[in-house]
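Welcome, and please bring up the model in your viewer. We will go from the whole chain down to a single side chain, one selection at a time.

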Amino acid sequence: MIYWNGGGWAWMAFMPLLWIALVGLVVWAAIRLTHHSPGHYGNGDGGQRRETPREILDRRYAAGEIDTPTYVEARRHLDDHSPNP
């Protein structure tokens, strides 16, 4: 038992730190695996992506939420202000 006497205090100080790190790792992994952040393009959210303004406009027009003159005006506005020529 003489050989174990020199390192006993070091293990007593190290073990709580090891358990804290282990519990923190488990909590981090659980949050990382269950957390879904919708609205990001291709960031591990199951392949979902945000709709573009044009897709939202088309969907709302198809659902009957907006009338034809509003759709045409909004479409023209989006085409005039789109970043892609």
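Accessible areas here come from the Shrake-Rupley method with a 1.4 Å probe. With the whole protein selected, that surface comes to about 7,800 Å², and carbon and sulfur atoms hold 65% of it. Of the 85 residues in the protein, 5% are buried.

Next, colour by confidence, since this is a predicted model. The average pLDDT of the protein is 80, and 75% of the residues score at least 70. Where pLDDT is low, the predicted coordinates should not be read in detail.

Now switch to a cartoon view. You will find three helices and zero strands, in the order α-α-α along the sequence. Select residues 8–34 to pick out helix H1, whose mean pLDDT of 88 is the lowest among the elements. The highest mean, 93, belongs to H3.

Keep H3 in view by selecting residues 68–80, then add H2, residues 53–62. How far apart are the axes of these two helices, and at what angle do they pack? The axes lie 11 Å apart and the angle is about 175°. Angles over 145 degrees count as roughly antiparallel, so that is the description that fits H2 relative to H3.

Show side chains at this contact. From H2, select Pro53, Arg54, Leu57, Asp58 and Tyr61; across from them in H3 are Thr68, Tyr71, Ala74, Arg75, Leu78 and Asp79. By type, the residues of this contact comprise six nonpolar, one polar and four charged.

Finally, centre on arginine 54, which sits in helix H2. Is arginine 54 buried, partly exposed or exposed? Its relative accessibility is 34%, so arginine 54 counts as partly exposed. Beyond its neighbours within four places in sequence, arginine 54 contacts Arg75, Leu78 and Asp79. For a last stop, draw a C-alpha to C-alpha distance from arginine 54 to alanine 74: the two are 20 residues apart in sequence and 9.1 Å apart in space.

Note on methods: Residues numbered from 1 in each chain as written. Heavy atoms only, no water. Axes fitted to C-alpha atoms, helices over the stretch in contact; angles between N-to-C directions. Helix = DSSP H or I, 4+ residues; strand = E, 2+ residues; numbered from the N terminus. Parallel < 35°, antiparallel > 145°, perpendicular 65-115°, else oblique. Contact = heavy atoms within 4.5 Å. Nonpolar A, V, L, I, M, F, W, Y, C, P; charged D, E, K, R; others polar. Buried < 20%, exposed > 50% of the residue type's maximum accessible area, 1.4 Å probe, protein only. pLDDT = per-residue confidence, 0-100.
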